[in-house]
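Me: Please take a close look at one pocket in the structure below. I would like a formal account of its lining, followed by the packing and the charged pairs found elsewhere in the chain.

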Amino acid sequence: MRFLIPALAALFLASCGSNIALVSKDRARDGSSYSRNMVGSSVYATANPSASVVKSGLTKPRDKHGMPLYNSERVRYVRTTAYTCSESDHLEYGSMNAAGTPLRYTSQVRSAAADWSVYPVGTKFRIKGMPQLFVVDDYGSALTGTGTIDIYTPTRGHMDAWGCRKVEIAIVQWGSYARSAEILAKRTGFTHCRQMYAAIQGKMNRGYATASR
């Protein structure tokens with residue numbers, strides 16, 4: 001029995017894409033190599049936000065992190081963080097996102113988490129300097145009420161390499177408030193889900209179908 005817990009932990013880490021704990025060197029799902037102890041920050045090469053984009057956010061209301069809160073603007077100056085599914089607060093969900101599908105981390109498409117009343121589920125965006133398309137398919141309690149976007153990464157090394165970055169994003173396609181509300185309606189027992197659901201209902205009652213209106 002004493003070998004059962006380590007075996008289960010190894011199985012979970014493998015399913016999470018976190019082989020970093022099992023081998024000294026491996027490859028991430030996008031093909032980039034990483035070591036056990038550290039992933040170089042250069043694995044995520046983002047470009048500096050445009051001065052005009054940063055300036056345009058100066059007149060906006062601010063969230064608790066001092067970042068601008070936008071209405072329907074597609075180009076934005078945004079605070080981003082990173083997470084991985086081997087974190088303690090994500091263990092029970094494994095490699096699944098809040099939409100009930102597998103978290104994605106490929107050379108073309110990657111998952112992201114956000115407050116769904118700000119970026120409804122299905123919202124697609126690009127980060128300046130990166131080739132991948134990001135899709136909002138997850139959320140987190142710490143994101144509620146903010147404009148922060150949490151980028152999914154396959155390992156703790158990748159998560160640390162991303163850190164906290166302020167980047168320029170461009171919305172490619174807005175997600176659906178209706179779909180977000182449908183999912184959240186079944187989870188209002190959780191404070192952050194209840195808050196997002198109420199905010200979305202308020203927007204839908206004002207005629208918003210997506211965040212673009």
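Reply: A pocket is here an open set of grid points with protein on both sides within 12 Å along at least five of seven lines, and its volume is the space filled by probe spheres set on those points. The model is predicted. By this reckoning, the second largest pocket has a volume of about 440 Å³. Its lining consists of 27 residues, and those nearest the centre of the pocket are Leu69, Tyr70, Ser117, Val118 and Lys203. Two elements, strand 3 and helix 5 (191–205), each give two or more residues to this lining. Helix 5 is the greatest contributor, with four residues. Sorted by class, the lining of the second largest pocket holds 14 nonpolar residues, together with seven polar and six charged ones.

The setting of the pocket is the chain as a whole. The protein chain contains five helices and eight strands, which follow one another from the N terminus in the order α-β-β-α-β-β-β-β-β-α-β-α-α. Of its 213 residues, 44% are counted as buried. Among contacts between residues at least 6 apart in sequence, 71% join residues that are at least 24 apart.

The nonpolar packing may be considered next. The largest nonpolar core comprises 39 residues, and the ones with the most contacts inside it are Trp116, Tyr119, Phe125, Ile127, Ile149, Ile151 and Ile169. Helix 4 (residues 177–184) gives the most to this core, namely four residues. Phenylalanine 125 offers a local view of the packing. Once its neighbours within four places in sequence are set aside, phenylalanine 125 has contacts that include Ala112, Leu133, Phe134 and Val136. Ile149, Ile151, Ile169 and Ile171 are also among the contacts of phenylalanine 125, and Gln132 is another of them.

The charged pairs complete the account. The whole structure contains four salt bridges, among them one between glutamate 73 and lysine 60, whose closest N and O atoms are 2.4 Å apart. Both partners lie in the loop between helix 2 (51–56) and strand 3 (75–83), 13 residues apart. Glutamate 73 has a relative accessible area of 25% and is therefore partly exposed.

Another salt bridge joins the side chains of arginine 104 and aspartate 137, with an N to O distance of 3.7 Å. Arginine 104 is in the loop between strand 3 and strand 4 (109–113), while aspartate 137 belongs to strand 6 (residues 133–138), and the two are 33 residues apart. Arginine 104 counts as partly exposed, at 35% relative accessibility. Aspartate 137 has a relative accessible area of 4% and is therefore buried, the limit for that class being under 20%.

Lysine 128 and glutamate 168 also meet through their side chains in a salt bridge, at 3.8 Å from N to O. Because lysine 128 lies in the loop between strand 5 (124–127) and strand 6, and glutamate 168 in strand 8 (residues 165–173), the pair ties together parts that are 40 residues apart in sequence. Lysine 128 is partly exposed, with a relative accessible area of 30%, whereas glutamate 168 is buried, with a value of 11%.

Definitions and conventions:
Residues are numbered from 1 along each chain as its sequence is written. This is a predicted model: local features need pLDDT of at least 70, side-chain atom pairs count only at pLDDT 80 or more; totals for chains, interfaces and linings use all residues. Side-chain values use heavy atoms; hydrogens and water are left out. A nonpolar core is a set of buried Ala, Val, Leu, Ile, Met, Phe, Trp, Tyr and Cys residues joined through side-chain atoms within 4.5 Å. Buried means under 20% relative accessible area, exposed over 50%, partly exposed in between (1.4 Å probe, protein chains only). Contact means heavy atoms within 4.5 Å. On a 1 Å grid over the protein atoms alone, a cavity is a set of points where a 1.4 Å probe fits but cannot get out, and a pocket is an open set with protein on both sides within 12 Å along at least five of seven lines; lining residues have an atom within 4 Å of a point. Ala, Val, Leu, Ile, Met, Phe, Trp, Tyr, Cys and Pro count as nonpolar, Asp, Glu, Lys and Arg as charged, and the others, Gly among them, as polar.
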